[in-house]
Amino acid sequence: MLTFNNSKYLFCQLLITMSYQLELRHFTYFLAVAEELHFRKAAERLFISQPGLSRQIKQMEMIIGVPLFVRNKRNVNLTPAGLYLKKELEYIRNHIDFSIKQTRLINEGSEGEIRIGFLGSAMQTVIPELLIQSNKEFPGIQFSLEEMPNYLQVDAIEKDQLDLGFVRLSRVPNGLKMKTVYIDTFSLVVPKNHHLTIDTFKRIDQVSKENFVLFSSDYSSLYYDKIMSICEDKGFTPMVSHKSVHAQTIYKLVESGLGVAIVPTSLQYGFDLGVKFLEIPRIPQKTKLSVIWKENNRNPALQQIKNLLEL
């Protein structure tokens, strides 16, 4: 059976055997068209003429022996073969860029860089502790952090643009691993002058007639479904007036009186807005924060951090 590593090796061998005909510019041109799906826009991006770009792509297709694009007067789309080639070339490009960066860091005395994607609540819980512990045990490792939704983290890890992701997902694609690192409760977010208090808040249906400001399902479809189930278990479907993927935006809308919200309890820290957090009592729902990574990630610094996370 052809394994992932074998397919990478065969792909690289294919590039080598074609090197006398295909050049780096062909791959650069192909990726530009594949990403833009528009020859004129790709040509402008590459600072070459559109007819010249079309000729280069046709030449590439002739050399490889397969069509990479389906063209008509209005649209340009990738063929299945073109889609596969795009994914493989993105992987190679990202890996080369990162390898060069790691080489420079090692030359400067660093042990390398770990690229982390995360949801906002991870910065209130797991990540600060991880960074502190890493700085003590592996001070030569640098970190690059970027807040992003679940689906973008998964995509970036598959493309070797991230090493670790902190997500709320029930499953990940083949080739990725996942482990729960934090289990959290849920809290209701209301304006500071709201009539409910820690003492008077007993059930979520006490706000059943109010508008809700929720995290978009783009933030986490699993999380969004849990929020809906918290309300539905108490006999109502929330009236959602606004959605966002950013906690700061949600809190600002709540502060302005545009609704109430439900968030992971740990997400209450680090904000200074006119809202208050009331932990929702006696509900079975919990929210799990998980770390994900790629099984065959070759970043030498990653294993050290995985050990800290007990992965």
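Here are four short exercises with worked solutions on a predicted model of a protein chain.

**Exercise 1. The chain as a whole**

Work out how many helices and strands the protein chain has, what share of its residues is buried, and what box its C-alpha atoms fill.

*Solution.* Start with the secondary structure: the protein chain has 10 helices and 12 strands. Next, take burial, where the cut-off is under 20% relative accessible area. By that rule, 45% of the 311 residues count as buried. Then turn to the dimensions: along the principal axes, the C-alpha atoms fill a box of roughly 75 × 55 × 40 Å. Finally, look at contacts between residues at least 6 apart in sequence; 74% of these join residues at least 24 apart.

**Exercise 2. Surface and charge**

Find what part of the accessible surface belongs to carbon and sulfur atoms, and how far apart the mean positions of the positive and negative charges are.

*Solution.* First, the accessible surface of the protein chain is about 16700 Å². Carbon and sulfur atoms account for 52% of that surface. For the second part, set the 37 positive charges beside the 32 negative ones: their mean positions are 5 Å apart.

**Exercise 3. The second largest pocket**

Which helix gives the most to the lining of the second largest pocket?

*Solution.* Begin with the volume of this pocket, about 310 Å³. Its lining is made up of 13 residues, and the closest to the centre are Leu-24, Phe-27, Thr-28, Leu-31 and Arg-93. Now list the helices that each supply at least two lining residues: α2 (24-36), α3 (39-46) and α5 (80-107). Among the contributors to the lining, α2 gives the most, with six residues.

**Exercise 4. Two residues to classify**

Decide for Arg-104 and for Glu-113: buried or exposed?

*Solution.* Take Arg-104 to begin with, which is found in helix α5. Its relative accessibility is 57%, and exposed means over 50%, so Arg-104 counts as exposed. For a sense of distance, compare its position with that of Gly-82: the two are 22 residues apart in sequence, and their C-alpha atoms are 33 Å apart in space.

Now move to Glu-113, in strand β3, which covers residues 112-118. Here the relative accessibility is 6%, so Glu-113 counts as buried. To see what surrounds Glu-113, leave aside neighbours within four places in sequence: its contacts are then Phe-98, Lys-101, Gln-102, Leu-105, Gln-142, Ser-144, Asp-163 and Asn-299.

Terms used. Residues are numbered from 1 along each chain as its sequence is written. This is a predicted model: local features need pLDDT of at least 70, side-chain atom pairs count only at pLDDT 80 or more; totals for chains, interfaces and linings use all residues. Side-chain values use heavy atoms; hydrogens and water are left out. Helices (H or I, at least four residues) and strands (E, at least two) are DSSP runs, numbered from the N terminus. Buried means under 20% relative accessible area, exposed over 50%, partly exposed in between (1.4 Å probe, protein chains only). Contact means heavy atoms within 4.5 Å. Accessible areas come from the Shrake-Rupley method with a 1.4 Å probe; for residues, only the protein chains shown count as cover. Lys and Arg count as positive and Asp and Glu as negative; His and the chain ends are not counted. The place of a charge is taken as NZ of Lys, CZ of Arg, CG of Asp or CD of Glu. On a 1 Å grid over the protein atoms alone, a cavity is a set of points where a 1.4 Å probe fits but cannot get out, and a pocket is an open set with protein on both sides within 12 Å along at least five of seven lines; lining residues have an atom within 4 Å of a point. Grid points are joined across faces, edges and corners, and a volume is the space filled by probe spheres set on the points.
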